[in-house]
Each structure stands twice: as structure tokens, then as C-alpha cells.
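Colleague: Could you walk me through reading a sheet and a ligand site? I'd like the general idea each time, then the case here.

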Amino acid sequence: MTRRRGRDLLHRWEGNPAVTLQDIPYPCNTVFNGCPAKMNGEYLLLMRVEGLRGYSFFALARSEDGLHFEVDERPCMLPAKEGPFELWEESGIEDPRVTFMDGFYYILYTAVGGHGHCIALARTVDFQTFERVAVVSGPGNKDGVLFPEKINGLYARLDRPIGYDIGSIWVSYSPDLLHWGRSELVMTPRARYWDSFRIGASAPPIRTERGWLELYHGVKMTSSGPVYRLGTAMLDIENPAKVLGRCLEPVLSPREEYERVGDVGNVVFGGGAIVEPDGETKVYYGAADTSICVAIGHIDKLIESSFQTEGP
Ligand code: BMA
């Protein structure tokens, strides 16, 4: 008997979408994507929301089970209206990615200013007040994710500079989180594949016994526009520029109506994951730039997917 394969390795939560515009207690345009964190046993989701004035800011949702969320009464972080960050954030802040390290929740996010997209770093201990640390890239860079520990004595991040119009994933290092360098190429788009047009890190890297598991987004350009999917790669623990494995097949593709249709259709845009003690992994993703959804898999299967070699 032929084995019938699942449509995707990750299984959608049947209650999807988890957060939509209707869940936001104030007027706004849309909900894009979010990154999860756990604090004192509570699940938090730091979300990119677009307000009526057309720029994005961050809002916080809370949950006891990581599935049913309630959104706080007010946005938690707005674009800076004064000081050195004002210029960098004049058109909004986007795509926050949270990493817990040394007692702080660090947030790499995209600062959208008059000169383009830059990566900025903020930190918080309570998700109520956020301290801006620094703008940590020049314009033309985004999709920054911080590793949860130092590598060979240095902080490390993945990011996505655009060179010759090609978006690839790079790694950079820093002694103090402020000064970054020693940049190396990690992965490029692959001609013809689901990730042929552009790629970027989606979730902060997850330490596993086989290496750093990276959930990344890949874009394929079609005659009716881009399709955003989610895939896996495995990076060497000591040297993340070394790719040990990379999926051939995405682990999540836009198939449901809420992923196909919305402000930007055909988008599943990963934001982060929570690995539970039993290995169950909840992946949070933006669907069609209109809601935030949850897809669930086992960490072992995700690891396995990053070493996939079979398939025509
Ligand atoms: C990226 C970001 C995301 C968005 C995605 C798909 O560049 O702007 O927030 O979900 O595009 O439109």
C-alpha cells in the first residue's frame, strides 16, 4: 500500500488563526507575524501590528497554553519619537525576534527609516518597558536573529543583507552586542527550489544535539507574485557558517484559505518556535500578513527534515 504523506511536516493547530485583527483591542490595519517567548510559565507573543497610520509597531499577546492568546490593551513598543532612533524608525518597526540570554529578553527587529531597513537591538526584562540598545546594521539589512549563547566567546547573529538584489543568510559576530563584524555567508537562494528567490532567518536558532536548527523563510517568485514558505537548515554549533544540512522540501507552505488570501496572499512567514520539554515544537507564523497562526511538530522530525536528501 502506498503511504500517504502529510501535506506538510508541521500540523496546523485546528483553532487557527490564533490572533487576528479582531483580537486587537484598538483600531489597526493588520497583524503580520510574531515571535514567542516564555516568561514565568506564561507564553508571550511579541507581534508586528500595523496601525492606522501605516507604520508597524509591537503588541504583546499572552497565553497559558501557547494557543489561546489575549492581546494587551495597548501596544508595547512604538517607533521612537525622539532621540537617535527617531530617524531610523520613522516608518515603523517590524518583525521582532526574541532571544533570552543572561537574564534579558533581547529583541532584534527591523527599523524602517528614511534610508531603508536596518537591524536594531532592544532588550526587556518584563515586556512592559523596552530599552533600545543600538542600531546594529547599516541600511539594506533585516531578518536579524540572535543566537541564545556566545559562540567561541562572541555573540552571534544571522541576518539578511541584500547584495545585487539577492537576499542570502549571513552570520556576524560581536564582542559586546554593539559592534558587529567578521561576517560570513551561510546560505544563498537555490535556483528552481521553493527558496529560489530570497531567503532569511525566521526563528532564533535552536540548539540541538546535531547543531543549530534554523527555521528560515524562502521565497519563490511566480508569475502571480511571491510565495513564502518555511524550511529548515542545520548549522554547525561552533561555526554556524558551515551548513550541515538543508531541507529539500519546506516544512510549511501556504495551503489554507487564511494563508492563501489576505493583505499579502500565499505567505507563511515564520516568527519563532517554542520547544516543549517533550520535544513538541510550536511554530508561530504570520499567515497572509493578516493573522498569526500556530503549527506543531516534533523537534526530532524538524531536525530530520534539515538532513533530507531523498526526492526527485
Ligand atoms: C517580509 C516582512 C514580513 C512579511 C513578509 C511577507 O519582508 O515584511 O513582515 O510578513 O515580508 O509579506
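Colleague: In what order do the four strands of the open sheet run?

Modeller: Strands are DSSP runs of E, at least two residues, numbered from the N terminus, and two of them pair if DSSP finds at least two bridges between them. Here the order is 7-8-9-10, with antiparallel pairing. Strand 7 (93-101) and strand 10 (131-135) each have a single partner strand, so one side of each lacks a neighbour in the sheet. From one strand to the next, the twist averages 25°, taken between lines fitted to C-alpha atoms, on a 0 to 180 degrees scale between N-to-C directions.

This is a predicted model, where local features need pLDDT of at least 70, side-chain atom pairs need 80 or more, and totals for chains, interfaces and linings use all residues. Numbering starts from 1 along each chain as its sequence is written, and side-chain values use heavy atoms, without hydrogens and water.

Colleague: How many bridges join strand 9 and strand 10?

Modeller: Four, linking strand 9 (residues 116-124) to strand 10 in the antiparallel sense. Arg 123 sits opposite Glu 131 of strand 10.

Colleague: Now the ligand: which side chains make polar contacts with its oxygen atoms?

Modeller: A polar contact is a pair of N or O atoms within 3.5 Å. Among them, Arg 48 has a polar side-chain atom 2.7 Å from a ligand oxygen, Asp 95 also has one at 2.7 Å, and a side-chain N or O atom of Lys 142 is 3.0 Å from a ligand oxygen.

Technical notes
A polar contact is a pair of N or O atoms within 3.5 Å; within protein, one must be able to donate a hydrogen and the other to accept it, and residues adjacent in sequence count only if both atoms are side-chain atoms.
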